[in-house]
Amino acid sequence: MQHGAADKPTQAAPPAPPAPRGPADPEREAAVVRLFDEHYPSMLRLAALLGADDPENIVAEAYYQMYRKWRKLRDVESAAGYLRTIVCNLTRMRIRHLQVARRHTEAPPADWIASAENSALLRDDQRTLVQALQQLPARQREALVLRHWLGLKESEIAAAMGISAGSVKTHTSRGIAALTQALEARR
């Protein structure tokens with residue numbers, strides 16, 4: 001029996017080289033650094049006031065997501081608003097995750113300690129207000145924090161929360177009424 005070219009064992013194709021990574025985008029990196037320099041403290045405060053147990057990680061994740069999706073931004077001027085929306089969404093998801101996880105644990109942690117950043121943000125004169133704020137429904141709390149702590153307009157709050165301006169007004173007014181009632185009851 002003769003062995004011809006057709007009888008030779010076939011060789012496996014060599015593995016494809018890894019896809020080349022694109023060159024660094026200095027403009028994108030510089031823009032995200034500027035965004036970080038200008039907005040990190042307010043984003044950290046936002047996450048803490050919305051009830052995040054670890055606001056530093058929430059904000060770090062938000063900046064990471066912002067960096068990854070930078071090229072998809074239609075308007076670079078709206079980056080701060082987009083970042084606020086990411087922080088709100090991540091905080092909401094984290095709180096939901098913790099609620100589910102706590103339902104499945106045997107005993108809730110009794111010795112919770114606030115991070116240094118949380119403690120610094122919550123001075124004695126603010127503790128009562130923040131405790132009352134934490135008792136509000138999530139949407140009311142978000143609307144109040146975005147409005148009164150960050151000073152956003154109704155349209156910006158609506159965009160950050162993904163709701164209509166009318167819903168922002170409703171959540172804000174109900175939240176203020178509930179806070180007023182809670183604070184008066186503590187006096």
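What is the mean pLDDT of the chain, and what percentage of its residues reach 70 or more? The structure is a predicted model, and its mean pLDDT is 80, with 75% of the residues at 70 or more. Among the elements of the chain, helix H2 (residues 55-68) has the highest confidence, at a mean of 93, whereas helix H4 (residues 116-121) has the lowest, at 65. Over residues 17-23 the pLDDT stays under 50, and for this segment the model has 0 contacts beyond four places in sequence.

The chain contains 8 helices and 0 strands. Read from the N terminus, the order of elements is accordingly α-α-α-α-α-α-α-α. Of the 187 residues in the chain, 31% are buried. Among contacts with a sequence separation of 6 or more, 68% are between residues 24 or more positions apart. The accessible surface of the chain amounts to about 12,800 Å², and carbon and sulfur atoms contribute 53% of that area.

Helix H8 spans residues 165-186, a run of 22 residues. The distance from the first C-alpha of H8 to the last is 32 Å, close to the 32 Å expected at 1.5 Å a residue. The buried residues in H8 are Val168, His171, Thr172, Gly175 and Leu179. Viewed down the helix axis, the buried residues of H8 lie within an arc of 100 degrees, and therefore they line one face of the helix. Exposed residues are found on the face of H8 turned away from this buried side, namely Arg174, Gln181, Glu184 and Ala185.

Tyrosine 82 was examined as a single position within helix H3, which covers residues 79-103. The relative accessible area of tyrosine 82 is 30%; the residue is classed as partly exposed because this value lies between the cut-offs of 20% for buried and 50% for exposed. When neighbours within four places in sequence are left aside, tyrosine 82 is in contact with Met66, Lys69 and Leu73. Of these partners, Met66 falls within the residue range 55-68 of helix H2. A further spatial relation links tyrosine 82 to alanine 159: the two residues are separated by 77 residues in sequence, while their C-alpha atoms are 8.4 Å apart in space.

Notes
Residues numbered from 1 in each chain as written. Predicted model: local features only at pLDDT ≥ 70, side-chain atom pairs only at ≥ 80, totals over all residues. Heavy atoms only, no water. Helix = DSSP H or I, 4+ residues; strand = E, 2+ residues; numbered from the N terminus. Expected span 1.5 Å × (residues − 1). Buried < 20%, exposed > 50% of the residue type's maximum accessible area, 1.4 Å probe, protein only. Arc of directions from axis to C-beta. pLDDT = per-residue confidence, 0-100. Contact = heavy atoms within 4.5 Å. Areas by Shrake-Rupley, 256 points an atom, 1.4 Å probe, with all protein chains shown as cover.
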